[in-house]
Amino acid sequence: SSQIRHYSQILEQAKGKPVVFRTLDIGADKVLPYLRQPREENPALGWRSIRMALDRPALLRLQLRAMLLAGAGHDIKIMFPMIADVDEYLRAREVFDVEVNYLRQRGQKLPNSIKLGVMIEIPSLLWQLDHLFPIIDFASIGSNDLQQFLFASDRGNPKLANRYDSLSPSVLSAMRLIVEKGNAHGKSVTLCGELGGRSLEAMGLVGIGLTSISMVPSGIGPVKAMVRSLDRAKLWAFLEPRLKSALHSLRPELLEFAQRNGVVLSP
(Lines give C-alpha, C1' and ligand atoms only; values in the text may rest on other atoms or scores of the structure.)
Protein backbone atom coordinates (compact mmCIF):
# COMPACT_ATOMS: atom_id res chain seq x y z
CA SER A 1 0.00 0.00 0.00
CA SER A 2 1.01 3.64 -0.29
CA GLN A 3 1.48 3.86 3.50
CA ILE A 4 3.99 1.00 3.47
CA ARG A 5 5.90 2.58 0.56
CA HIS A 6 5.93 5.94 2.31
CA TYR A 7 7.25 4.53 5.59
CA SER A 8 9.81 2.37 3.75
CA GLN A 9 11.16 5.42 1.93
CA ILE A 10 11.60 7.24 5.24
CA LEU A 11 13.56 4.33 6.72
CA GLU A 12 15.71 4.05 3.59
CA GLN A 13 16.50 7.77 3.58
CA ALA A 14 17.36 7.65 7.30
CA LYS A 15 20.17 5.16 6.49
CA GLY A 16 20.20 3.57 9.92
CA LYS A 17 19.52 6.71 11.93
CA PRO A 18 16.71 6.47 14.51
CA VAL A 19 13.18 6.88 13.13
CA VAL A 20 10.12 7.51 15.29
CA PHE A 21 6.69 6.97 13.76
CA ARG A 22 3.78 8.76 15.40
CA THR A 23 0.32 7.26 15.10
CA LEU A 24 -2.55 9.29 13.67
CA ASP A 25 -2.67 12.70 15.30
CA ILE A 26 -5.62 14.12 13.40
CA GLY A 27 -8.27 16.43 14.76
CA ALA A 28 -8.25 20.03 15.97
CA ASP A 29 -6.02 21.85 13.43
CA LYS A 30 -5.12 18.63 11.55
CA VAL A 31 -7.85 17.27 9.28
CA LEU A 32 -8.09 14.52 6.68
CA PRO A 33 -10.34 15.23 3.70
CA TYR A 34 -11.56 11.63 3.46
CA LEU A 35 -12.47 11.18 7.13
CA ARG A 36 -15.77 12.57 8.31
CA GLN A 37 -15.37 14.37 11.60
CA PRO A 38 -18.14 15.98 13.62
CA ARG A 39 -18.14 19.72 14.09
CA GLU A 40 -16.96 20.55 17.61
CA GLU A 41 -17.15 23.76 19.59
CA ASN A 42 -13.69 23.15 21.06
CA PRO A 43 -11.84 20.74 18.75
CA ALA A 44 -8.46 21.07 20.51
CA LEU A 45 -10.05 19.40 23.54
CA GLY A 46 -12.32 17.12 21.58
CA TRP A 47 -12.38 13.90 19.57
CA ARG A 48 -8.88 13.88 18.17
CA SER A 49 -5.64 11.96 17.98
CA ILE A 50 -5.47 8.78 20.11
CA ARG A 51 -9.08 9.31 21.21
CA MET A 52 -10.23 8.95 17.63
CA ALA A 53 -7.80 6.11 16.95
CA LEU A 54 -9.02 4.06 19.92
CA ASP A 55 -12.62 4.54 18.78
CA ARG A 56 -11.59 3.46 15.26
CA PRO A 57 -9.21 0.57 16.04
CA ALA A 58 -9.36 -0.75 12.47
CA LEU A 59 -7.87 2.53 11.27
CA LEU A 60 -5.17 2.35 13.94
CA ARG A 61 -4.40 -1.28 13.10
CA LEU A 62 -3.97 -0.44 9.42
CA GLN A 63 -1.46 2.25 10.22
CA LEU A 64 0.41 0.05 12.68
CA ARG A 65 0.47 -2.77 10.10
CA ALA A 66 2.05 -0.45 7.53
CA MET A 67 4.67 0.67 10.06
CA LEU A 68 5.50 -2.91 11.05
CA LEU A 69 5.73 -4.19 7.47
CA ALA A 70 7.81 -1.22 6.34
CA GLY A 71 10.06 -1.66 9.38
CA ALA A 72 10.86 -5.31 8.68
CA GLY A 73 14.56 -5.82 9.33
CA HIS A 74 14.92 -2.37 10.91
CA ASP A 75 14.80 -0.98 14.43
CA ILE A 76 11.74 1.24 14.78
CA LYS A 77 10.01 3.35 17.39
CA ILE A 78 6.26 3.98 17.51
CA MET A 79 4.82 6.82 19.55
CA PHE A 80 1.20 7.34 20.62
CA PRO A 81 0.15 11.02 20.88
CA MET A 82 -2.34 12.82 23.12
CA ILE A 83 -2.29 10.21 25.91
CA ALA A 84 -4.28 11.51 28.91
CA ASP A 85 -3.86 8.58 31.29
CA VAL A 86 -2.13 5.21 31.59
CA ASP A 87 -5.28 3.33 30.60
CA GLU A 88 -5.28 4.97 27.16
CA TYR A 89 -1.72 3.83 26.57
CA LEU A 90 -2.59 0.29 27.65
CA ARG A 91 -5.53 0.23 25.24
CA ALA A 92 -3.31 1.47 22.41
CA ARG A 93 -0.71 -1.17 23.25
CA GLU A 94 -3.41 -3.86 23.13
CA VAL A 95 -4.24 -2.81 19.55
CA PHE A 96 -0.52 -2.94 18.74
CA ASP A 97 -0.17 -6.43 20.25
CA VAL A 98 -3.15 -7.69 18.24
CA GLU A 99 -1.56 -6.45 15.03
CA VAL A 100 1.87 -7.92 15.85
CA ASN A 101 0.28 -11.31 16.56
CA TYR A 102 -1.77 -11.09 13.34
CA LEU A 103 1.36 -10.53 11.24
CA ARG A 104 3.42 -13.09 13.12
CA GLN A 105 0.78 -15.80 12.59
CA ARG A 106 0.91 -15.11 8.87
CA GLY A 107 4.67 -15.46 8.71
CA GLN A 108 5.35 -11.81 7.98
CA LYS A 109 8.83 -10.50 8.68
CA LEU A 110 8.79 -7.97 11.52
CA PRO A 111 11.20 -5.24 12.65
CA ASN A 112 14.35 -6.33 14.47
CA SER A 113 13.23 -4.31 17.48
CA ILE A 114 10.19 -2.20 18.29
CA LYS A 115 10.08 0.42 21.02
CA LEU A 116 6.81 2.00 22.13
CA GLY A 117 6.52 5.48 23.56
CA VAL A 118 4.07 8.27 24.26
CA MET A 119 3.76 11.99 23.72
CA ILE A 120 3.38 13.72 27.05
CA GLU A 121 1.31 16.78 26.28
CA ILE A 122 -1.76 16.53 28.53
CA PRO A 123 -1.15 17.73 32.11
CA SER A 124 -3.23 14.94 33.71
CA LEU A 125 -0.44 12.52 32.83
CA LEU A 126 2.01 14.39 35.07
CA TRP A 127 0.46 12.68 38.10
CA GLN A 128 0.79 9.19 36.58
CA LEU A 129 4.41 9.28 35.46
CA ASP A 130 5.58 6.73 38.03
CA HIS A 131 3.00 4.31 36.62
CA LEU A 132 3.65 5.24 33.00
CA PHE A 133 7.43 5.13 32.68
CA PRO A 134 7.84 1.48 33.77
CA ILE A 135 5.61 0.30 30.88
CA ILE A 136 6.95 2.47 28.03
CA ASP A 137 10.30 2.55 26.28
CA PHE A 138 10.57 6.30 25.76
CA ALA A 139 8.64 9.56 25.97
CA SER A 140 8.56 12.83 24.10
CA ILE A 141 7.28 16.10 25.52
CA GLY A 142 4.80 17.75 23.16
CA SER A 143 5.73 21.32 24.01
CA ASN A 144 3.09 23.04 21.87
CA ASP A 145 0.05 21.32 23.33
CA LEU A 146 1.49 20.98 26.83
CA GLN A 147 1.82 24.76 27.06
CA GLN A 148 -1.61 25.29 25.49
CA PHE A 149 -3.28 22.98 28.00
CA LEU A 150 -1.33 24.23 31.02
CA PHE A 151 -2.52 27.78 30.42
CA ALA A 152 -5.93 26.90 28.91
CA SER A 153 -4.80 29.20 26.12
CA ASP A 154 -5.44 28.66 22.42
CA ARG A 155 -2.02 28.84 20.79
CA GLY A 156 -3.65 29.90 17.51
CA ASN A 157 -5.44 32.91 19.00
CA PRO A 158 -3.52 36.13 18.18
CA LYS A 159 -4.99 37.89 21.22
CA LEU A 160 -3.29 35.32 23.47
CA ALA A 161 -0.12 34.75 21.47
CA ASN A 162 2.15 36.70 23.79
CA ARG A 163 0.25 36.47 27.05
CA TYR A 164 1.89 33.29 28.38
CA ASP A 165 5.56 32.52 27.99
CA SER A 166 7.08 29.11 27.30
CA LEU A 167 9.93 30.14 29.61
CA SER A 168 7.57 30.58 32.56
CA PRO A 169 8.30 28.71 35.80
CA SER A 170 5.15 26.60 35.33
CA VAL A 171 6.07 25.31 31.85
CA LEU A 172 9.71 24.66 32.74
CA SER A 173 8.72 22.99 36.03
CA ALA A 174 6.28 20.66 34.29
CA MET A 175 8.91 19.63 31.77
CA ARG A 176 11.55 19.27 34.48
CA LEU A 177 9.27 16.86 36.33
CA ILE A 178 8.95 14.72 33.21
CA VAL A 179 12.74 14.69 32.72
CA GLU A 180 13.32 13.75 36.39
CA LYS A 181 10.80 10.90 36.29
CA GLY A 182 12.24 9.62 33.02
CA ASN A 183 15.75 9.63 34.48
CA ALA A 184 14.55 7.88 37.64
CA HIS A 185 13.05 5.06 35.56
CA GLY A 186 15.93 4.90 33.08
CA LYS A 187 13.82 6.00 30.10
CA SER A 188 14.78 8.59 27.52
CA VAL A 189 12.81 11.83 27.29
CA THR A 190 12.99 14.04 24.22
CA LEU A 191 11.09 17.16 23.19
CA CYS A 192 9.21 17.91 20.01
CA GLY A 193 7.43 21.05 18.92
CA GLU A 194 8.55 24.49 17.87
CA LEU A 195 10.07 25.51 21.18
CA GLY A 196 13.58 24.09 20.72
CA GLY A 197 14.41 25.97 17.53
CA ARG A 198 15.21 29.29 19.23
CA SER A 199 18.48 29.59 21.10
CA LEU A 200 17.19 31.21 24.31
CA GLU A 201 14.29 28.78 24.62
CA ALA A 202 16.65 25.91 23.84
CA MET A 203 18.93 27.16 26.61
CA GLY A 204 16.05 26.87 29.08
CA LEU A 205 15.33 23.33 27.87
CA VAL A 206 18.97 22.28 28.22
CA GLY A 207 18.97 23.88 31.66
CA ILE A 208 16.18 21.63 32.93
CA GLY A 209 18.01 18.55 31.68
CA LEU A 210 16.76 17.86 28.17
CA THR A 211 19.43 16.47 25.86
CA SER A 212 17.36 15.82 22.70
CA ILE A 213 15.12 18.52 21.26
CA SER A 214 13.55 18.99 17.85
CA MET A 215 14.07 22.08 15.74
CA VAL A 216 13.79 23.41 12.22
CA PRO A 217 17.01 23.14 10.17
CA SER A 218 17.65 26.89 10.46
CA GLY A 219 17.81 26.54 14.25
CA ILE A 220 20.62 23.99 14.32
CA GLY A 221 23.51 26.47 13.96
CA PRO A 222 22.38 28.99 16.59
CA VAL A 223 21.39 26.27 19.08
CA LYS A 224 24.69 24.45 18.55
CA ALA A 225 26.62 27.67 19.22
CA MET A 226 24.59 28.22 22.38
CA VAL A 227 25.17 24.67 23.67
CA ARG A 228 28.92 24.82 23.05
CA SER A 229 29.21 28.03 25.08
CA LEU A 230 27.00 26.87 27.98
CA ASP A 231 27.89 25.41 31.38
CA ARG A 232 24.77 23.33 31.96
CA ALA A 233 25.43 22.60 35.63
CA LYS A 234 25.87 26.30 36.33
CA LEU A 235 22.64 27.09 34.50
CA TRP A 236 20.69 24.47 36.48
CA ALA A 237 22.00 25.90 39.76
CA PHE A 238 20.73 29.28 38.54
CA LEU A 239 17.38 27.91 37.33
CA GLU A 240 16.38 25.54 40.12
CA PRO A 241 15.40 28.09 42.80
CA ARG A 242 13.67 30.28 40.21
CA LEU A 243 11.36 27.45 39.10
CA LYS A 244 9.58 27.85 42.43
CA SER A 245 9.08 31.59 41.97
CA ALA A 246 5.89 33.47 41.15
CA LEU A 247 7.51 35.23 38.20
CA HIS A 248 5.46 35.50 35.01
CA SER A 249 8.48 34.47 32.95
CA LEU A 250 12.14 33.59 33.43
CA ARG A 251 13.07 35.08 30.05
CA PRO A 252 14.74 38.24 31.47
CA GLU A 253 16.65 36.15 34.04
CA LEU A 254 17.85 33.72 31.38
CA LEU A 255 18.96 36.57 29.13
CA GLU A 256 20.90 38.08 32.01
CA PHE A 257 22.52 34.71 32.78
CA ALA A 258 23.57 34.36 29.13
CA GLN A 259 25.10 37.85 29.07
CA ARG A 260 26.99 37.36 32.31
CA ASN A 261 28.34 33.94 31.39
CA GLY A 262 29.26 34.43 27.75
CA VAL A 263 26.54 32.23 26.32
CA VAL A 264 26.22 32.78 22.57
CA LEU A 265 22.64 33.62 21.63
CA SER A 266 21.38 34.41 18.15
CA PRO A 267 19.76 37.83 17.76
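Guide: A strand here is a DSSP run of E with at least two residues, and strands are numbered from the N terminus. By that rule strand 2 (75-80), strand 4 (138-142) and strand 5 (188-192) each supply at least two residues of the lining of the second largest pocket. Please keep in mind throughout that this is a predicted model.

Visitor: What does the protein chain hold by way of helices and strands?

Guide: The protein chain has 11 helices and five strands, and its C-alpha atoms fill a box of roughly 65 × 45 × 35 Å along the principal axes.

Visitor: How do you know whether the radius of gyration of the protein chain agrees or disagrees with that of a compact globule?

Guide: For 267 residues a compact globule would have a radius of gyration near 18 Å, and the protein chain has 20 Å, which agrees. As for burial, 44% of the 267 residues count as buried.

Visitor: Which residues line the second largest pocket?

Guide: The lining is made of Pro 18, Val 19, Val 20, Lys 77, Met 79, Phe 138, Ser 140, Ser 188 and Thr 190, and the space in this pocket comes to about 160 Å³. Lys counts as charged by the rule used here, while Ser and Thr fall among the polar residues, and the lining divides into five nonpolar, three polar and one charged.

Visitor: How many residues line the largest pocket, and which are the closest to its centre?

Guide: The largest pocket holds about 440 Å³ of space. Of its 19 lining residues, Gln 147, Arg 155, Ala 161, Tyr 164 and Ser 166 are the closest to the centre. Helix 6 (residues 143-151) gives the most to this lining, with five residues, and by kind the lining divides into five nonpolar, seven polar and seven charged.

Visitor: Why is Tyr 164 called partly exposed?

Guide: The term covers values between the buried limit of 20% and the exposed limit of 50%, and Tyr 164, at 30% relative accessibility, therefore counts as partly exposed.

Visitor: What makes Phe 151 and Tyr 164 an aromatic pair, and is that pair stacked or tilted?

Guide: Two rings pair if their centres lie within 6.5 Å, and planes under 30 degrees apart count as stacked. For Phe 151 and Tyr 164 the centres are 4.6 Å apart with 10° between the planes, so both conditions are met and the pair is stacked. Phe 151 belongs to helix 6, whereas Tyr 164 is in the loop between helix 6 and helix 7 (169-184), and the pair thus links parts of the chain that are 13 residues apart.

Visitor: Why is the pair of Phe 238 and Phe 257 put in a class of its kind, stacked or tilted?

Guide: The planes of these two rings are at 45°, which is neither under 30 degrees nor over 60, so the pair is tilted; the ring centres are 5.1 Å apart. Phe 238 lies in helix 10 (residues 232-242) and Phe 257 in helix 11 (residues 251-260), so the pair ties together parts that are 19 residues apart in sequence. In total, the count by this rule comes to four aromatic pairs.

Visitor: How do you know whether Phe 238 and Phe 257 are buried or exposed?

Guide: Buried means under 20% relative accessible area. Phe 238 has 18% and is therefore buried, and Phe 257, at 5%, counts as buried too.

Visitor: What makes the charged end of Arg 176 sit over the ring of Trp 236?

Guide: The rule asks that CZ of Arg be within 6 Å of the ring centre and within 35 degrees of the ring normal. The charged end of Arg 176 is 4.0 Å from the centre of the Trp 236 ring and sits over that ring. Arg 61 offers another case, with its charged end over the ring of Tyr 102, 5.3 Å from the centre.

Visitor: What is phi of Lys 15, and where does Lys 15 lie?

Guide: Phi of Lys 15 is near 50°, a positive value in a residue other than glycine. Most residues other than glycine have a negative phi. Lys 15 lies in the loop between helix 1 (2-14) and strand 1 (20-22), and at 74% relative accessibility, over the 50% limit, Lys 15 counts as exposed. Ala 152 likewise has a positive phi near 50°; Ala 152 lies in the loop between helix 6 and helix 7, and its relative accessible area of 71% makes this residue exposed.

Definitions and conventions: Residues are numbered from 1 along each chain as its sequence is written. This is a predicted model: local features need pLDDT of at least 70, side-chain atom pairs count only at pLDDT 80 or more; totals for chains, interfaces and linings use all residues. Side-chain values use heavy atoms; hydrogens and water are left out. On a 1 Å grid over the protein atoms alone, a cavity is a set of points where a 1.4 Å probe fits but cannot get out, and a pocket is an open set with protein on both sides within 12 Å along at least five of seven lines; lining residues have an atom within 4 Å of a point. Grid points are joined across faces, edges and corners, and a volume is the space filled by probe spheres set on the points. Helices (H or I, at least four residues) and strands (E, at least two) are DSSP runs, numbered from the N terminus. Rings of Phe, Tyr and Trp (its six-membered ring) pair if their centres lie within 6.5 Å; planes under 30 degrees apart count as stacked, over 60 as edge-to-face and the rest as tilted. Buried means under 20% relative accessible area, exposed over 50%, partly exposed in between (1.4 Å probe, protein chains only). The radius of gyration is taken over C-alpha atoms; the globule rule is 2.2 Å times the number of residues to the power 0.38.
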